[in-house]
Amino acid sequence: MKKILLPLGFAALLHLAGPARGQALPRSDYPIRAVSFTRVQLADNFWLPRLKTNTEVTIPASFQRCEATNRVKNFEMAAARTGKFATIFPFDDTDIYKTIEGASYSLRLYPDEQLDQYLDALIAKVAAAQEPDGYLYTARTIDPAHPHAWAGPERWVKERELSHELYNAGHLYEAAVAHYEATGKRSLLTIALQNADLVCAVFGPGKRNVAPGHEIVEMGLVKLYRVTGEAKYLTTAKFFLDQRGQYDGYDPQSPDPWRNGSYWQDDKPVVAQREAEGHAVRAEYLYSAMADVAALTGNQALLLAVDSIWQNMVSRKMYVTGGTGAVPGGERFGANYELPNTTAYNETCAAVANVYWNQRMFQLHGDAKYVDVLEKVLYNGLISGVGLDGKSFFYSNAMQIRSSTSFPQTEPQRAGWFDCSCCPTNLARLMPSLPGYVYAQNGRDVYANLFISGTTNLMVNRTAVRIIQQNNYPWEGQLKFTVSPASPTDFNLLVRLPGWAQDEAIPSDLYRFAAPAQANISVSINSRPVSYVTRRGYAVLSRKWRPGDVVEVLLPMEVRQVVASSQVPADQGKIALQRGPLVYCAEWKDNGGKASNLIVPAVTTFAARWQPDMLNGIMQLTAPVPAVQIDAANYSISTTRQTLTAIPYYAWANRGKGEMTVWFPQHLTDVELISRRPAEVTVGK
Ligand code: FUB
Ligand code: ZN
């Protein structure tokens, strides 16, 4: 039967239209809706070039790599029901889905007939690989008698552990909705709905149950629900959430996250969870889905749980760059305040998931603190994941690289692709969706969340309203919004007042600025300073807006020293540098081949200077600081004055391999002697 499809965001109208298939549809939803990426045209110098690179380099490179590494071949073999699974992981199908998702968003931004046709051809291969009942999982379909070792002998039997059957499904649904929304074509959506119908038929009360081994199917089902209005997709998403904490095969006493279930966020029912735990990508997709289902069902227990988990992450488990998932073993959240620098894991996919989660938290609560976190992740720990060339990536995002081999440490340089290449393709899909995070709306409240030059066209009070942003963010803090309703109309423009511009390094006590800001935020309308009320971190500008009204906001762009809570062992006695939303680092290339020898006393004053030819244009920070020098031949150590040059964290590792640090000691209290032969030195290669 042909399903009726609705544009995203139309679920609310369904409530007026009446329930589908006799089931009661939820009456609530996010109070705040994002303004669709299709209605926001960027025109800035920071993001637009990145989106262009994503379209011109990252997406073609991803498709090319999906072809070259046999990911596409897996679908062809599954269609022919013959051959041998030709890649490593059973979730390799998702790299194709994620790249299709990114390409779909990209098509809206940059129409491209050739890409559109390539997607049609690829989707035809996906369709051919789907089994008649909707099952789609090349790791089994190619040769059901000899499925992938992680897949188990029968469908779904290893889902709780490693098969990733529902993970693949979730990425398929996300891609399908993006493709449908962007192109209006139903080809991938039809495949997704057939698969989702199978999933809903197989799983549910009185049927098969499982807590999906890698979450995302829940988010994907919610998206299908929003497009189709089919209640079963939402109820199955909720069912999967409710399966967590039900398995009795774990050992609750074990400290091992795989034995006690916390690796999969499966040690407690979701409504009883209070801390960010386990595998970070899995976790943040779960928390995103909890927010979705809480919004759509009004479930207060879910809301309480997801609020508490967010609080725990932001006050105990987040790096100053917004990175999450500190522990390499299990790619997971560590204990409270376990935020080591040399071994920081910070998977790029976790940053992607964190953007999704914080956007949802904002839509639930209308509080700028969630966008502050989203912005922190976006400008730092997320785009550090992709090189300036658009085709080299970090899977993990280090906080410190030392030249000494004595330090176990995170990936020191970027790679073009990985055997497990989840991160590059996750970036490929997130980047072109960025325009969708700039504005949001709740009736007469219009939220300006991100400061990116460009234009949006909205309907407020049944009046067309155009808003043009002009700024040089994140380098400069002068923001200009030209507000042009078709005719004078009353509404509230809520401009986010970033925490970093108000003495709040993060919305918790995990990090703070070492000294108060020297300047305040100012707001004017039509060149006149205005006083305004604030609501949950926003300046509420209420008036009858007339065509051409100009709002100007000045965010002081000072270089701030950041200190960590005394509970974070790795950062004691150290400072980090932040200017605007950007966290900085020192890299070997600009600092005489080293970065681990630089000391930043509290009194240090940094100068900011625009460097148009460096790293595609950056605001560089410099200051004279003490630097420890070793004279190996004479067994002597001295301290010299040296210029510390800092670059935005996101830009590191684009000029070769060598030392990097985000945190700088403020004092010299001890020297650790490490003995190694000069040949072992790897700095500056
Ligand atoms: O399991 C699928 C993906 O592979 C995860 O999200 C990543 O962390 C990587 O393990
Ligand atoms: Zn990843």
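Select Tyr395 together with ligand 1, and you will find an oxygen atom of the ligand 3.4 Å from an N or O atom in the Tyr395 side chain, which falls under the polar contacts (pairs of N or O atoms within 3.5 Å; within protein, one atom must be able to donate a hydrogen and the other to accept it, and residues adjacent in sequence count only if both atoms are side-chain atoms). This is a predicted model, in which local features need pLDDT of at least 70 and side-chain atom pairs count only at pLDDT 80 or more, while totals for chains, interfaces and linings use all residues. Residues are numbered from 1 along each chain as its sequence is written, chains are lettered from A and ligands numbered from 1 in the order in which they are written, and side-chain values use heavy atoms, with hydrogens and water left out.

Stay with the ligand and add His279, which places a polar side-chain atom 2.8 Å from an oxygen atom of ligand 1, and then Glu331, for which the corresponding distance to a ligand oxygen atom is 2.7 Å. The residues around ligand 1 (those with a heavy atom within 4 Å of it) also include Phe91, His164, Tyr167, His214, Val281, Glu347, Cys420 and Cys422.

Cys422 leads on to helix H16 (residues 422–430); helices here are DSSP runs of H or I with at least four residues, strands are E runs with at least two, and both are numbered from the N terminus. Select helix H14 (residues 348–365) beside H16, and the two axes come within 8 Å and cross at roughly 30°, where axes are lines fitted to C-alpha atoms, for helices over the stretch in contact, and angles run from 0 to 180 degrees between N-to-C directions. H14 and H16 are therefore roughly parallel to each other, given that angles under 35 degrees count as roughly parallel, over 145 as roughly antiparallel, 65 to 115 as roughly perpendicular and the rest as oblique. The contact (heavy atoms within 4.5 Å) is made by Thr348, Cys349, Val352, Val355 and Tyr356 of H14 with Cys422, Cys423, Asn426, Leu427, Arg429 and Leu430 of H16.

Now keep H16 and bring in helix H2 (residues 47–68), whose axis comes within 10 Å of the H16 axis and crosses it at roughly 140°, so that H2 and H16 are oblique to each other. Asn54, Thr58, Ile59 and Ser62 in H2 meet Thr425, Leu427 and Ala428 in H16.

Move next to helix H3 (residues 71–80) and helix H4 (residues 93–109), which pack at an angle of about 110° with their axes 8 Å apart; that makes H3 roughly perpendicular to H4. Arg71, Val72 and Phe75 of H3 make this contact with Asp93, Asp95, Ile96 and Tyr97 of H4.

Finish among the strands, selecting Arg462 in the loop between strand E6 (454–460) and E7, where phi is near 60°, a positive value in a residue other than glycine. Beyond strand E7 (463–471), the loop leading to strand E8 (478–485) holds Pro474, which is joined to Tyr473 by a cis peptide bond with omega of about 5°. Most residues other than glycine have a negative phi, and most peptide bonds are trans.
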